[in-house]
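Me: Please pick one residue in this model and give me a close look at it. Then work outwards, so that I can see the parts around it and how they fit together.

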Amino acid sequence: MMTLDIHHTTTYRYANPVTFGDHRLMFRPRDSHDLRLIETGLVISPPPASVRWLHDVFGNSIAVASFDQPATELRFESHIRVDHYPMGELEFPIEDYARSYPFSYSAEEVPDLALTTQRHYPDPDHLVDEWARQFVTLGEGGPPDTQDMLVSMTRAIKETFTYQARDLEGTQSPVDTLTWKSGSCRDFALLMMEAVRSLGFAARFVSGYLYDPARDGQEGAMTGGGATHAWVEIYLPGCGWVEFDPTNGIIGGKNLIRVAVARDPSQAVPLSGSWTGAPADFLGMTVDVQVTATGGAGAGGAPENPMPAAGAA
């Protein structure tokens, strides 16, 4: 276990006062057996007229901020502290029938997994299909090993693709990412999600945060720190949704703080909203994410005592 502090600040700046429409925030991690939310706080400037909370169709926690005054700057500051208990890498208790590929999900699970097994992006020349099939290799004297296939695909993206941070909204198509052999974390996550779906796996997109030990002066530098992060979850019988981060080759969720899960990246945007003013008024946006270990294994100390959830986030 390690205790992590997450500070996430997003600032929009304008040349003249503009008015703001509703803004939708996905900052609050999904509290679970492997991720315990112990402290939260959210400061918005200018102060919103109201903030309402809801759960979306995937069970993600959403805040909707409404504004009634113009401003030249809009700022969102989120502080979160969590206890993180990730699954050990390659410690998958996969059911016997699913340890080899191919396998079929149980009849009870198929209706609920259906949309996460379907392809969502065009692949007219079957480039993603062909790329995914290269990982379906025969094991020693038997069928392909499910775990080995997925681990190999995760690490292949990390080792053979070039990471490029990108501030522009949206996600590249899987075909473009595969053709260019480059992209951001969300591009790599989408490519892997569509690739495993082509093989019949249920997969979903994950948005959240990454703990980079190098930022705490420790060994084990990660790619994608200092911003929000994205990866993929794959449903495996016996162990449920397992996390795979193709940007860093992480399997099992270590150093990953899950905030939102969705069928498609467009459903897991960390912050979205609108403003009204002259187009030239927009001066730019800055995002700063700092994730530090404050206790437990990540910081080399003893785990902290659990704290009651507090604050507005």
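Reply: Let me begin with a term: a residue is buried if its relative accessible area is under 20%, exposed if it is over 50% and partly exposed in between, using a 1.4 Å probe and protein chains only. The model is predicted, so local features need pLDDT of at least 70 and side-chain atom pairs count only at pLDDT 80 or more, while totals for chains, interfaces and linings use all residues. Residues are numbered from 1 along each chain as its sequence is written, and side-chain values use heavy atoms, with hydrogens and water left out.

My pick is His 84, which lies in strand E5 (residues 71–84). Strands (E, at least two residues) and helices (H or I, at least four) are DSSP runs, numbered from the N terminus. His 84 counts as buried because its relative accessibility is 1%. Its side chain makes polar contacts, meaning pairs of N or O atoms within 3.5 Å; within protein, one must be able to donate a hydrogen and the other to accept it, and residues adjacent in sequence count only if both atoms are side-chain atoms. The side chain of His 84 reaches the backbone oxygen of Asp 34 at 3.2 Å, and a polar atom of that side chain lies 3.0 Å from the backbone oxygen of Leu 256. Contact in general means heavy atoms within 4.5 Å. Leaving out neighbours within four places in sequence, the contacts of His 84 include Met 1, Met 2, Leu 4, Leu 35, Gly 253, Lys 254 and Asn 255.

Now step back to the domains. The assignment, automatic or from a database, gives domain 1 (2–84 + 269–293) and domain 2 (108–266). Their centres, taken over C-alpha atoms, are 25 Å apart, and 25 residues of domain 1 are in contact with 23 of domain 2. Together the two domains bury about 1,900 Å², with 58% of it on carbon and sulfur atoms; this is the accessible area (1.4 Å probe) lost when the two parts are put together, summed over both. On the domain 1 side, Arg 30, Val 289 and Val 291 lose the most area to domain 2, together 25% of what that side buries.

Leu 256 leads us to an open sheet. Its five strands run in the order E11-E10-E9-E8-E12 with antiparallel pairing, where pairing requires at least two DSSP bridges between two strands. The edges are E11 and strand E12 (256–262), each pairing on one side only. E10 and E11 are joined by two antiparallel bridges, and Asp 245 has Ile 250 in E11 as its bridge partner.

Strands from this sheet also help to cover helix H3. The cover over the buried residues of H3 includes strands E9 (229–236), E10 (240–245) and E11 (250–251), along with helices H2 (127–133) and H5 (185–198). Among those buried residues are Met 149, Leu 150, Val 151, Met 153 and Ile 157. At the N-terminal end, Asp 145 acts as a cap, with a side-chain oxygen 3.1 Å from the backbone nitrogen of Gln 147. H5 is itself mostly covered, with 13 of its 14 residues buried, and Gly 200, just after H5, takes a positive phi of about 100 degrees.

Back along the chain from His 84, strand E4 (residues 61–66) is largely enclosed by the rest of the structure, because six of its six residues are buried. Ser 61, Ala 63 and Ala 65 point one way, while Ile 62, Val 64 and Ser 66 point the other. Strand E3 (residues 50–55) runs antiparallel to E4 and is joined to it by six bridges, with Trp 53 opposite Ala 63. The two form a hairpin with five residues between them, and Gly 59 in the turn has a positive phi of about 85 degrees. Strand E1 (residues 2–25) is also antiparallel to E4, through three bridges, and His 23 stands opposite Ala 65.

The loop between E4 and E5 holds Phe 67, which is buried at a relative accessible area of 12%. Its C-alpha is 4.6 Å from that of Pro 48, 19 residues away along the chain. Beyond residues up to four places away in sequence, Phe 67 touches several others, including Phe 20, His 23, Ile 44, Pro 46, Pro 47, Leu 74 and Phe 76.
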